[in-house]
Amino acid sequence: MGELSRMWREMPSRYRMEGRKCENCSRVYFPPRDICPVCHRDSIGKMKPVDIAGNGEIISYTVVHETPPAFIRQKPYVLAIIKLDEGPMITGQIVDSEPEEIKMGSRVKSVFRRISEDGKSGVIHYGYKFTLDK
Amino acid sequence: MSGIVSYGSYIPKYRVKPDEIARVWGEDPENIKNGIFILSKSVPSPDEDTATISVEAARNALRRGGMSGQEIGSIYVGSESHPYAVKPTATIVSAAIGADFKMFAADYEFACKAGTAGMQNVLGMVDAGMIKYGMAIGADTSQGAPGDVLEYSASAGGTAMIIGRERVAAEIKSTLSVTSDTPDFWRREGQPYPTHGERFTGEPAYFRHVTNAAKMMMERMQTKPEDYDYAVFHQPNGKFPTRAAKVLGFQEKQYKEGLLTPVIGNTYSASMMTGLSAILDAAKPGDRILAVSFGSGAGSDAFHIEVTEEIEELHKRNVTTVRKMLEDVKFVDYAIYAKFKKKIVFGEEVE
Ligand SMILES: [Zn+2]
């Protein structure tokens, strides 16, 4: 049940990319952090929830050929490092594109997709992925 | 007067052609194309389902309306392909759009008219003063058994309508329903594919309900077909809605804008609502729309809709239109389609 409570706790960030903004230095963090690594103690009580729009740019990517079982129908797929417009850098899957369509600097936007499921009778995990923004 | 405040659709990017399906099952593709008038149908990605499609449609509706999830007081999701047998899709949508904890929500089921039943429900809640704005979604990733005629049409898509009393872009002047117990199409619990009662699909089911609901609405509103700028009907294939329109006395220029099945297939609960969404993309203030859904089992929901000046505000926000979604597509062959739709199955330990 540990995994289930983690999923439930992380829903705001996984479902709709809720990040945290340090009101001391204005830096935005995604995934959310409880303490600002720059301001440390000065950020306590000042990390406010902030919505990430989900738009960004690919700064690096790789094509994954050896996939975990949950991605067997999607292989090969593209995993990219994305610089979000709000500042944070994250790793995300690029869907609905062939690897040869992906370029450094390509603009992407977030989409809501299935990530995995806990077997045929378990819970379905949803979260953000990205598509090329044409 | 209450009505549609904003709207948004989502159609998956992949398409498969009847030629591909016919090739595998040894059918004559021209025969199929002429019979049902479907030239391609949408196919969801392996990581898409009714919940993800509902969320994308809901987000497009919020963006187009310049609204936040916090403003939505109720969410009803109509579908025949909810990802869970027990656990509402509406809960997933509410979390994904950041809706408030204090809200009304449920899933609906009435074959292809569950989404429009949700629209009526939200409209009633708005008129009763229970909520300010509510959202009704029709979405499906429908299944047709391999080789069955439904395999040529059953597709995927979703549309969300935000209904309220303020900033109304399309007034719902009236709505009514017809209902009967008709064995035209059903799916028993635990069965992966639906069954259809062949001799019931046309006349006693689709045409009886759709044309009667449309006639009753025109009688109630004292209107004639020529009083409408647009008409949209449920689209199980490309032939039925055209025939219903002609029987009722509508011209092609009135129904072509909302007729999407020839290129996206039957999106079930999203079918009429996505047609309406395409019409709203093109509509001008003052336009009148007659919209009639159909759900097997069976019933029809009819709506008399009048577009207001607010529609121009929605168009300005520049959210992806239905026509745009029809342009940016990728065609797949039957093997990829079968893989995506999980017609090829793995053991529990593999996937
Ligand atoms: Zn800081």
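Hi everyone, this is a short walk through a zinc site in chain A and a helix in chain B.

The model is predicted, so local features need pLDDT of at least 70, side-chain atom pairs count only at pLDDT 80 or more, and totals for chains, interfaces and linings use all residues. Residues are numbered from 1 along each chain as written, chains are lettered from A and ligands numbered from 1 in the order written, and side-chain values use heavy atoms, without hydrogens and water.

Let's start with the zinc ion. Which atoms hold the zinc ion? Cys22(A), Cys25(A), Cys36(A) and Cys39(A) each coordinate through SG, at 2.2 to 2.4 Å. Donors here are N, O and S atoms within 2.8 Å of the metal (3.2 Å for Na, K and Ca), and since water is not among the atoms, sites may look incomplete. The spacing in sequence is C-x2-C-x10-C-x2-C. Cys22(A) sits in strand β1 (residues 18-22), while Cys36(A), 14 residues apart from Cys22(A), lies in the loop between β2 (28-29) and β3 (47-51), so this pair links distant parts of the chain. Strands are DSSP runs (E, at least two residues) and helices are too (H or I, at least four), numbered from the N terminus.

Cys22(A) is buried because its relative accessibility is 0%, and Cys36(A) is buried because its value is also 0%. Buried means under 20% relative accessible area, exposed over 50%, partly exposed in between (1.4 Å probe, protein chains only).

Now to chain B. Helix α1 (residues 18-25) has Pro18(B), Glu20(B), Ile21(B) and Ala22(B) as its buried residues. After α1(B) comes Gly26(B), with a positive phi near 70 degrees.
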